[in-house]
Amino acid sequence: MIRNFYELATSELRRDALAIAEAGFEAINTEKVIMDNVQVVSDELHIADKIFKIAGKKVFYVGVGKCAISAGRAIEKILGDALTAGIALDVAAGEQASQKPETGKLEVIIGTHPFPSEANSAGSKRILGFLAGKNENDLVIFVISGGGSTLLCLPTAPMTCTEESELFKKL
């Protein structure tokens, strides 16, 4: 994962330190963690030790946070045609934001972090709209990762996102 590992590993201690860092990065690689813990077996979705029947169900993905896009891509790979649709509210920029999800079933919304914003409020409203009309026969996989509390910004009037952002800054 460390692209210039061998350039930096100029001694045994540096090599060991880089190997430890690389193992840490691998342990938090969103797509790998999801691929290792989520699978479809027959008509069942296995998430760690939980099993959900998906036969005849509509399956949706909602992701919020700094890993929402990469988690959504992994879910798309695993579910394939079983995924009905999804939405990701992320702070991604550059390479990750430009990487299109696998099936085109995932709507991507880019918000801001570390402070609430009108973009986050619009994304939060879009997620509420996406979830409207879902019922007990539908399965929603909801992933919340770092930054989710700022991205899900929908303050109650009379407070605005701008005021909430100022409050966060003061705190």
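These legends describe close-up views of one predicted model.

**Figure 1. The whole protein, a predicted model with eight helices and seven strands.**
The C-alpha trace spans about 60 × 50 × 30 Å along its principal axes. The protein has 171 residues, and 36% of them count as buried. Contacts with a separation of 6 or more were also sorted by distance along the chain. Residues 24 or more positions apart account for 64% of these contacts.

**Figure 2. A four-stranded open sheet with parallel pairing.**
The strands follow the order E6-E5-E4-E7. Strand E6, residues 106-110, stands at one edge, and strand E7, residues 139-144, stands at the other. Each has a single partner strand, so one side of each is left without a neighbour in the sheet. Neighbouring strands are turned by 10° against each other on average, direction ignored. Strands of a sheet pair through backbone hydrogen bonds, either parallel or antiparallel.

**Figure 3. Strand E4 and its partners E5 and E7.**
Strand E4 covers residues 59-64 and pairs with E7 in the parallel sense over six bridges. Val62 has Phe142 as its bridge partner in E7. Val64 stands opposite Ile144 in E7. E4 also pairs with E5 in the parallel sense, over six bridges. There, Phe60 stands opposite Ala85 in E5. From E4 the chain crosses through helix H4, residues 68-79, to reach E5. This β-α-β crossover is right-handed.

**Figure 4. The two faces of strand E4.**
In a regular strand the side chains alternate between the two faces of the sheet. In E4, Val59, Tyr61 and Gly63 point one way. Phe60, Val62 and Val64 point the other way. Are these residues buried or exposed? All are buried. With six of its six residues buried, E4 is largely enclosed by the rest of the structure.

**Figure 5. Helix H6 lies across the four strands E4, E5, E6 and E7.**
H6 covers residues 118-131 and runs at about 165° to E5, the strand of residues 83-90. The helix has 14 residues and reaches 20 Å from its first C-alpha to its last. That is close to the 20 Å expected at 1.5 Å a residue. Its buried residues are Asn120, Ser121, Gly123, Ser124, Ile127 and Phe130. An α-helix has 3.6 residues a turn, so residues three or four places apart point the same way. The buried residues of H6 pack against E4, E5 and E6, and also against helix H7 (148-151) and helix H8 (161-170). Just after H6, Gly133 takes a positive phi of about 90°.

**Figure 6. A salt bridge between helix H6 and strand E6.**
The side chains of Arg126 and Glu107 meet at 2.9 Å, N to O. Arg126 lies in helix H6 and Glu107 in strand E6. The two residues are 19 residues apart, and the pair links distant parts of the chain. Arg126 is partly exposed, with a relative accessible area of 33%. Glu107 also counts as partly exposed, at 29% relative accessibility.

**Figure 7. A salt-bridge network of Glu31, Arg73 and Lys77.**
Side chains of opposite charge can pair when their charged atoms come close. In this view, Arg73 and Glu31 meet in a salt bridge of 3.2 Å, N to O. Arg73 lies in helix H4, and Glu31 lies in helix H3, residues 30-37. The pair therefore ties together parts that are 42 residues apart in sequence. Where does each partner stand on the scale from buried to exposed? Arg73 has 6% relative accessibility and counts as buried. Glu31 has 18% and counts as buried.

**Figure 8. A salt bridge within helix H3.**
The side chains of Asp36 and Lys32 meet at 2.6 Å, N to O. How many residues apart are Asp36 and Lys32 in helix H3? They are four residues apart, which means about one helical turn separates them. Lys32 counts as partly exposed, at 33% relative accessibility. For the structure, the salt-bridge count comes to six.

Key:
Residues are numbered from 1 along each chain as its sequence is written. This is a predicted model: local features need pLDDT of at least 70, side-chain atom pairs count only at pLDDT 80 or more; totals for chains, interfaces and linings use all residues. Side-chain values use heavy atoms; hydrogens and water are left out. Two strands pair if DSSP finds at least two bridges between them. Axes are lines fitted to C-alpha atoms, for helices over the stretch in contact, and angles run from 0 to 180 degrees between N-to-C directions. Contact means heavy atoms within 4.5 Å. Buried means under 20% relative accessible area, exposed over 50%, partly exposed in between (1.4 Å probe, protein chains only). A crossover is right-handed if, with the strands pointing away from the viewer, the path from the first strand over the helix to the second runs clockwise. A salt bridge is a side-chain nitrogen of Lys or Arg within 4 Å of a carboxyl oxygen of Asp or Glu. The expected span of a helix is 1.5 Å times one less than its number of residues.
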